Amino acid sequence: MNDSKMFQVSTLQALMLGYTKSVITVEELLKHGDIGLGTFENVDGEMIVLDGHCYQAKSDGTISEAGSATGVPFCAVAHMLPDGEADLENVSSIDDLKRFLDITIDEAFALNSMHIVRVDGLFNKVMARSEDGVISRHVELKDILENNQQDFCFENIRGSLVCIYFPDYMDGINAPGWHLHFVSEDKTCGGHVFDIDLKSGKASFSRKTNIEIKFPSTAEFDTYALKNASQDDIKKVEQGK
C-alpha cells in the first residue's frame, strides 16, 4: 500500500463530456482507499467513501451502501492517514471553509500536492445535491444534471465532510481546488456539497504526493476530445448550479 497515493478512476474531462460508463466496480475501488468521493455508472447519485464504506446518495438526499458490483466511471480515493488536525468553530460558508483549508495547506508548503481532508462536526446547515442515473452517451454532465439533480438542505445535523483538493496544474484530471461531499453521522443522508454552516468540528488532513489513474479501456473512450470540456461548465457543476 502506498500511503501517499491518490487513486483516481478516469478524468474529470471525460465525465464532463459524458463518459459515464463503468470503469471499475466498487469492490475493486475499495482496495485502493478508504475515503474519497465520485459518482456511479450513468451518474446515478453522488459517491461518498468513508471508513472503507462506499455510500450512494440519491436524488432525495437519502443514502445507502453501494453494492460491491456497482459500476464506477469517475472517483478519487486514498487511505486516510492524518498528518495534521485542526479544530473549527462557526464556519458560516463553504467559501470560508475553503479559505481555511487553503491557508492550512499553504502554511505547510503543500499547495502543489493533493490532499484529502475529513471534517467531522455539528452543522447548522448543509446545502447539497444529488441526482438519479440517466443512460446516455456523449451527453454532457451539465445537461444530465440540469434535468435530474435535486437540491436539499440538512439542518442541525452531525456528520462528515470528505474534502478533496487538486492543485491548479492538475486541472482537467480533476477539478482544481476543493470538492466536498457530505454524509450524516447516522448514514441516512448526504450528497455533493455547495454550501455549509458549521457550528463546530475537527478537520483531519492527509497529504498525497503520488497519483495512479485508471483510464477506461474501451474504444469509445478514445472518441472523446477531452480538452473540449468547458471550464465554465465545470465551475457550474462544482457549485451545484
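This report looks at some aromatic contacts and two backbone oddities in a predicted model.

A quick word on ground rules: residues are numbered from 1 along each chain as its sequence is written, and side-chain values use heavy atoms, with hydrogens and water left out. Local features need pLDDT of at least 70 and side-chain atom pairs count only at pLDDT 80 or more, while totals for chains, interfaces and linings use all residues.

Let's start with the rings. There are 7 aromatic pairs in the structure. Rings of Phe, Tyr and Trp (its six-membered ring) pair if their centres lie within 6.5 Å; planes under 30 degrees apart count as stacked, over 60 as edge-to-face and the rest as tilted. One of the pairs joins Phe215 to Phe221, with 6.3 Å centre to centre and 40° between the planes, so this pair is tilted. Both rings also belong to one aromatic cluster, together with Tyr19 and Tyr224.

How exposed or buried are these two? Phe215 is partly exposed at 43% relative accessible area, whereas Phe221 is buried at 10%. (Buried is under 20% relative accessible area, exposed over 50%, partly exposed in between, with a 1.4 Å probe and protein chains only.)

Now for the backbone. Phe109 has a positive phi without being a glycine, and so does Lys187. Each one sits in a loop between a pair of elements, where helices (H or I, at least four residues) and strands (E, at least two) are DSSP runs, numbered from the N terminus.

| Residue | Phi | Loop between | Relative accessibility |
|---|---|---|---|
| Phe109 | near 55° | α3 (94-107) and β10 (114-131) | 72%, exposed |
| Lys187 | near 60° | β12 (177-184) and β13 (190-208) | 29%, partly exposed |
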